[in-house]
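User: Please take a close look at one part of this model for me. I would like to understand the place where the two chains meet.

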There are 2 protein chains.
Amino acid sequence: MTGVGRDLSVSFRHTIDWSGHSTRPAKADLSRLVLERHYRVLVSRYPVLAVPTGSVGARRKEFDRRIELSTTLAPGAAYRADRTRVAELNQRELERFAARTGRSKALLDRARNVMPAGTPMSWMSGYYMHPQLYVAGGEGARFFDVDGNAYVDMNVADLSATLGYGIPAVEEPMVRQFRNGAHYLLPTEDAVVAAHSLGRLMGLPFWQFTLAASGANTEIMRIARHITGRRKLIVFEGKYHGHIEETLVKFDGERVVPEYQGLSGRRSEDTIILPFNDLDAVAAALESREVALVLTEPALTNCSLVLPDPGYLEGLRRITAETGTMLCIDESHTFSFAYGGLTRLWNLQSDFITLGKGLGSGLAFAAYGMTDTIGDHVEKHLDILHRTPGIGLGGTLYGNALSMACARAVLEHVLTEDAFNRISALGSRMADGIDAISRDLDLPCRAFRIGPRSGLCLTPELPRNYAEARLSMDLDMLDARRVFMANRGYWDCIVSAGPQASFAHAKEDIDGYVDLMHEFMKNIK
Amino acid sequence: MTGVGRDLSVSFRHTIDWSGHSTRPAKADLSRLVLERHYRVLVSRYPVLAVPTGSVGARRKEFDRRIELSTTLAPGAAYRADRTRVAELNQRELERFAARTGRSKALLDRARNVMPAGTPMSWMSGYYMHPQLYVAGGEGARFFDVDGNAYVDMNVADLSATLGYGIPAVEEPMVRQFRNGAHYLLPTEDAVVAAHSLGRLMGLPFWQFTLAASGANTEIMRIARHITGRRKLIVFEGKYHGHIEETLVKFDGERVVPEYQGLSGRRSEDTIILPFNDLDAVAAALESREVALVLTEPALTNCSLVLPDPGYLEGLRRITAETGTMLCIDESHTFSFAYGGLTRLWNLQSDFITLGKGLGSGLAFAAYGMTDTIGDHVEKHLDILHRTPGIGLGGTLYGNALSMACARAVLEHVLTEDAFNRISALGSRMADGIDAISRDLDLPCRAFRIGPRSGLCLTPELPRNYAEARLSMDLDMLDARRVFMANRGYWDCIVSAGPQASFAHAKEDIDGYVDLMHEFMKNIK
């Protein structure tokens, strides 16, 4: 390692407690050691949460528990509304919600006979705590439930419907292509045009298409492993990269383990989890040159919002390049934050870019970009059916003609710089409104803000990593706010994300959301 | 283990060579031992291919190589046309093909600047050996390339377009739903109706939806592992279950290893690969009760066609149930063989059923069914976002409203018993035609036949497992046949599958295919 990477690595070595070891730590201990270091950084910021005794793992675990209970344990560290008021309001609103959604309840009763929890995909049931809602239709920025209630949608299907409901510029090419054949297992010219558009927009020249970002990240890992001949992967605490075994992991205080139930745990061993915004930790982890890929969002979006420190992403690029490690910027969520994603906004360099969620169209397609060197490598290692095994890429419906026609239309006609400027202005308006709420109610809070995305940050300073981000959120309060808003015509964002201005929102929609948040915060203060 | 399972296991133990071990083999050796046994079965059928010396692994590897070279090594074991004639015909046809597809060539030159190999998904380039074809559109059973050549499609996008191009009964609901919103991350009534239809059709009561069978099989594995508390998986040689690390494996003569490049290999360790149609081997592998799931197609469809012996699938159900192992019938391909798939045709029992490829619509959706016990378990172990980690299921676009509207329409209006009877009659017609070719040309060959699917089997007896299936295929001949047919207006099936009558085919389309196959076989004989 040379230059900054080496320096960082050295300084890192001097700050951690080697627990009596005078030599370099065993590779398997790396995650533990960097998280110990990270624990110290956290404690220096939130000393009231410090855990004085126990092993590193036990202290970190207890610190995490204290964050969860931070209302009582962390006065001043994060704003927490009175639990009783939140619970009472939640209860009142739940009763009101149930009274308004009788047809949803009846449909749920039918649905539970044929689908677990009554939904076609389980996390439609798992991201909120009020009774199940069924949707009848939508238009622009609103959808309607089966009882006829309308909701301004601030969740936009977790950023898969940021273009709004019903997109005229996509409908015509979609219908035309369906009539002509949705899929031939052969390419169409639309794919060529869409890939070319993506290259111009995002800066990487070669593209492949999948159905979801999970599939894209899976292929990126395979390519990176094949090129580097290495197996390990680095992701950052608070990340989301899809439902892939390697990335569905957490650090349990002792080691990297599966984050959900039912995972085999085999591939957890290959993943190193580090805190975001800690270049020293990454440099140390890259030193042994066993890491194939650093996979990161440019800003963490699945634990409220964590922005990179100035120079952090540039540093990642530098130290990955210096150690022969590939870098992937996962823009599945952040692509919706700016024209050309944060890659273009911040002029980021990487080996791969991941895009997902149908670019906000609500349709099932995703894509990934790569450098010309990588594109050339992939072409040279194609799988030739029953002859030469190549890199394990592709799926039968990946890059299907229908999705390519839609992708082309979205890129050519919908995702314009003007449209992004418009939603960014709406996002600023929302953030300004949220800051005004904090001032009006004298809360030690502030707004998240990046392009169209905002939200209420419950700490006086913006979080720089996952542990701090958890302090910035209050799940009970968010649950109560969701049902409060639902009863007043707004569908709030999921607890892990923030509200976002979509292509279909008007100023009035944003203002209405801010007004409701204001009213809610007054109610629970 | 009780009953049949135990008996089979005992008989298995007595037939294999324990290499001096008098006790039960180490679990890690299981795959090796059952494949050794399988090697003996193969050799008894094809003694001319026997390998007299070397380790079991080396002998099996050499046997596999001999199968590949079976033209010279296995006279009588399988029909092989004269290599020189095949190569000469292929060369002539390739020249003709290139002359007809100048616009495809020009598009490829553009496409290679923006996509590896010029395609949006790499195996669009990897399943045939002639120059790349680009498609302009399609109608019914035909598609048209960018040079204006028409092709009757016998590949139907590897069974993802079995309903034909442009499906009127699906277009209207698709357009209506797109206008109303493609996805809300909330359920619609269409999902309830579609799940109910699937339950009636397939016999399992609870359903979840994904975008592809890979996603469905991934979730099935996670559920099965969670319920059983076991990690191992059994699949069968010649299988295809999607692009999942655990199933992208092969036996290399010594151990189970990744089948493609770029895979980590971590999860290969959890997979046991056994020969199809060998209940003894399965019983032995289940004896230690470490296997969570047996994942099988009801007939192997990705290495020509391998039908189950009478009683084999019933035996699988019995011995999995006896050992607390879950059984999944993967109908991703075979669903297109009969109304309600082979599950309904053969009255199969299982814990899970996998469906994929948009049920033949060309659209990106898939589904899996489960018993009521499993559905109840899944509902009780839902992931509650940021609160209680549940089983790792779901993806943002899984079960999206657009796909549910299309799934409902396909199930209600397209996949009728009458339609399946019609395509089965076409399949029989094709198989009869292929048998007539063998008789006319005095070839030691016969037709594959199951419902709409047929194909030319190059061995006098139908294959019962993967190794025999490889004898039944001749890749060089199939490559030459593909380009021969393409030049005459037919798009042949991929080499690993067989031609299949689609919902859009007419008798004349099938007759034309058989006539071309006849002409081709005369040419190379």
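Analyst: What follows is a walk through the interface of chain B and chain A, and then a look inside chain A.

Keep in mind that this is a predicted model.

Start with the residue counts. On one side, 124 residues of chain B take part, and they are in contact with 123 residues of chain A. Together the two chains bury about 11,100 Å². Carbon and sulfur atoms account for 61% of that area. Which three residues supply the most on the side of chain B? They are Phe178(B), Gln261(B) and Arg266(B), with 7% of the area that chain B buries against chain A.

Now the charged and polar links. The rule finds eight salt bridges across the interface of chain B and chain A. One of them joins Glu189(B) to Arg110(A), and their closest N and O atoms are 2.9 Å apart. Polar contacts across this interface come to 40 residue pairs. Helix H9 of chain B, residues 168-180, gives the most to the side that touches chain A, with seven residues. By class, that side of chain B has 65 nonpolar, 37 polar and 22 charged residues.

Next, the symmetry. Turn chain B by 180°, with a shift of 0.0 Å along the axis, and it can be laid on chain A with an RMSD of 0.0 Å. That is the relation of a two-fold axis. Arg266(B) has the C-alpha nearest the axis in chain B, 3.1 Å from it. Arg266(B) also belongs to the trio that supplies the most buried area on its side. Of the interface residues of chain B, 99% are also interface residues in chain A, so the copies meet through the same surface.

Now step inside chain A. The domain assignment gives domain 1 (83-154 + 418-524) and domain 2 (168-414). Their C-alpha centres lie 28 Å apart. The contact takes 21 residues from domain 1 and 20 residues from domain 2. Between them the two domains of chain A bury about 1,800 Å², with 62% from carbon and sulfur atoms. In domain 1, Phe420(A), Ile450(A) and Arg464(A) lose the most area, together 35% of what that side buries.

How many salt bridges are counted between domain 1 and domain 2 of chain A? The count is one. Arg464(A) also forms a salt bridge with Asp309(A), the closest N and O atoms being 2.5 Å apart. Polar contacts between these domains number eight residue pairs. H17(A) gives the most to the domain 1 side, with four residues. That side has twelve nonpolar, six polar and three charged residues.

Conventions:
Residues are numbered from 1 along each chain as its sequence is written. Chains are lettered from A and ligands numbered from 1 in the order in which they are written. This is a predicted model: local features need pLDDT of at least 70, side-chain atom pairs count only at pLDDT 80 or more; totals for chains, interfaces and linings use all residues. Side-chain values use heavy atoms; hydrogens and water are left out. Contact means heavy atoms within 4.5 Å. Buried area is the accessible area (1.4 Å probe) that two parts lose on being put together, summed over both. A salt bridge is a side-chain nitrogen of Lys or Arg within 4 Å of a carboxyl oxygen of Asp or Glu. A polar contact is a pair of N or O atoms within 3.5 Å; within protein, one must be able to donate a hydrogen and the other to accept it, and residues adjacent in sequence count only if both atoms are side-chain atoms. Helices (H or I, at least four residues) and strands (E, at least two) are DSSP runs, numbered from the N terminus. Ala, Val, Leu, Ile, Met, Phe, Trp, Tyr, Cys and Pro count as nonpolar, Asp, Glu, Lys and Arg as charged, and the others, Gly among them, as polar. Copies are superposed by least squares on the C-alpha atoms of residues with pLDDT of at least 70 in both. Domain bounds come from an automatic or database domain assignment.
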